[in-house]
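Me: Please examine the protein shown below. I should like to ask about its fold, its cores and its charged pairs.

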Amino acid sequence: MQGQPADPAARPRRARRPGRHPVRLRHPRQPAAPVTPDRVRDWGPAGTPAGLFRLVPVRLERDLPLLVGWMNDPAVAAFWELSGPPDVTAGHLRAQLTGGHSVPCLGVLDGTPMSYWEIYRADLDPLARHYPARPHDTGLHVLIGASHDRGRGLGGILLAAVADLALDRNPRSPRVVAEPDLRNVPSVAAFLTAGFRFSAEIELPTKRAALMVRDRSPRQRLRHAAPEPLTRSEEPAS
C-alpha cells in the first residue's frame, strides 16, 4: 500500500503546477496552526491489534539510508517516483521539513521502523485547489517499507490508528483526507478498511486519485463539542 508525497513547494522530478501562489485558507476566527514535529511527537503511541505504534518525526541524517532503500523498492517507486541516488530522497525530505505545513515521520511498530508517513495541513497544500477543503483538514500519505509487511492487513490497521490520533490530538481538525492513486487498488482498499469513505475521483497534475475522507466519529464530535449553556428549565436540581 503506497501513498504519494505531500507538496510543500513542488514535488521533486515533476512538472510544477500552474499557478505558483500557495493556497492559504484560514477560518477567520481560527489562526492557522502549523503542523510541527513537536506537535506530532506529542501525539504519543497508539495500541493496535498489530502492536504498539507511534509516529517519530524524521531526522534526515539518521533516517535517510532507510528511506532511500524503501524509495528504491519498485513497488514503492511506482507511486512515489523518488527512486535513484540518495540526493533524490534527501531533496524531497528537505522540502517536507522546511515547507511549514508537513511533518515527515517514520511509523514505528513495536520498536521497529516499518513505514513512512507525511502528516500535513491539507488546506494549506496545493491539494486544496482540487477538492472543497475545510480549515485545518489533516492530510496524510503513507508507504509500507518492507515487502514482508505488505499484504497482511497492516495498512488498514495503521491508517485507522493514525487517523484516530490526528483527530483526537487536534480538536480543530474536522477530518482526515488522502488521495491515493486510483490504480493503487490495495491502497484504496486499506483506506476503506480504516473507516475512510470514497468521496470523489479527482484529477491531479500527476495522477487521477481517489479522494478518501475520514470524518470524526460521533464520539469524537461529542468529546470536542463546546458545551452549550443550559436554560433555566434544563438546569439540574440541587
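The exchange that follows concerns a predicted model.

Me: How many helices and strands does the protein have?
Reply: Of the 238 residues of the protein, 50% count as buried. The protein exposes about 11,600 Å², and carbon and sulfur atoms supply 56% of that area. As for secondary structure, the count is 7 helices and 8 strands.

Me: Among contacts between residues at least 6 apart in sequence, what percentage joins residues at least 24 apart?
Reply: One instance of contact between parts distant in sequence is Ile-157, which touches Thr-48, Pro-49 and Ala-50 beyond its neighbours within four places. Ile-157 and Ala-50 are 107 residues apart along the chain, yet their C-alpha atoms are separated by 7.5 Å. For the protein, the share of contacts joining residues at least 24 apart, among those between residues at least 6 apart, is 68%.

Me: Is Ile-157 buried or partly exposed?
Reply: Ile-157 belongs to helix 5, residues 154-169. Buried requires a relative accessible area under 20%. Because the relative accessible area of Ile-157 is 27%, this residue is partly exposed.

Me: Which element gives the most residues to the largest nonpolar core?
Reply: That core has 32 residues, of which Phe-53, Leu-55, Trp-117, Leu-140 and Leu-159 touch the most other members. Elements that give two or more residues to the core include strand 2 (51-57), strand 4 (112-121), helix 6 (185-193) and strand 8. The element giving the most, with 9 residues, is helix 5.

Me: Which residues of helix 6 or the strands does Leu-140 touch, and which phenylalanine is among its contacts?
Reply: Leu-140 is one of the core residues that touch the most other members. Not counting residues up to four places away in sequence, the contacts of Leu-140 include Trp-117, Ile-119, Leu-159, Val-162 and Val-176. The phenylalanine among these contacts is Phe-191.

Me: How many residues are in the second, separate core?
Reply: In soluble globular proteins, nonpolar side chains tend to be buried together. Here a second core, separate from the largest one, includes Val-68, Val-88, Leu-93 and Tyr-116. The number of residues in this second core is 18.

Me: How are the rings of Trp-80 and Tyr-116 arranged?
Reply: Trp-80 lies in helix 3 and Tyr-116 in strand 4, so the pair ties together parts that are 36 residues apart in sequence. Both residues are buried. The ring centres of Trp-80 and Tyr-116 are 5.6 Å apart and their planes lie at 65°, so the pair is edge-to-face.

Me: At what angle do the ring planes of Phe-191 and Phe-196 lie?
Reply: Phe-191 is buried, and so is Phe-196. Their ring centres are 5.0 Å apart, and the pair is edge-to-face because the angle between the planes is 85°.

Me: How many residues apart in sequence are the parts tied together by Asp-73 and Arg-150?
Reply: Asp-73 forms a salt bridge with Arg-150, with the closest N and O atoms 3.1 Å apart. Asp-73 lies in the loop between helix 2 and helix 3, and Arg-150 in the loop between strand 5 and helix 5, so the separation of the parts they tie together is 77 residues.

Me: Which partner of the salt bridge between Arg-214 and Asp-164 is buried?
Reply: The closest N and O atoms of Arg-214 and Asp-164 are 2.5 Å apart. Arg-214 lies in strand 8 and Asp-164 in helix 5, so the pair ties together parts that are 50 residues apart in sequence. Asp-164, with a relative accessible area of 26%, is partly exposed. At 11% relative accessibility, the buried partner is Arg-214.

Me: Which residues form one network with Glu-201?
Reply: The side chains of Glu-201 and Arg-208 meet in a salt bridge, at 2.8 Å from N to O. Salt bridges that share partners join Glu-201 into one network with Glu-203 and Arg-208.

Me: Over which residues is the pLDDT below 50, with 50 contacts in the model beyond near neighbours?
Reply: The protein averages a pLDDT of 84, and 76% of the residues score at least 70. The stretch with pLDDT below 50 and 50 contacts beyond near neighbours in sequence is residues 8-31.

How values were computed:
Residues are numbered from 1 along each chain as its sequence is written. This is a predicted model: local features need pLDDT of at least 70, side-chain atom pairs count only at pLDDT 80 or more; totals for chains, interfaces and linings use all residues. Side-chain values use heavy atoms; hydrogens and water are left out. Helices (H or I, at least four residues) and strands (E, at least two) are DSSP runs, numbered from the N terminus. Buried means under 20% relative accessible area, exposed over 50%, partly exposed in between (1.4 Å probe, protein chains only). Contact means heavy atoms within 4.5 Å. Accessible areas come from the Shrake-Rupley method with a 1.4 Å probe; for residues, only the protein chains shown count as cover. A salt bridge is a side-chain nitrogen of Lys or Arg within 4 Å of a carboxyl oxygen of Asp or Glu. pLDDT is the predictor's confidence in each residue, from 0 to 100. A nonpolar core is a set of buried Ala, Val, Leu, Ile, Met, Phe, Trp, Tyr and Cys residues joined through side-chain atoms within 4.5 Å. Rings of Phe, Tyr and Trp (its six-membered ring) pair if their centres lie within 6.5 Å; planes under 30 degrees apart count as stacked, over 60 as edge-to-face and the rest as tilted.
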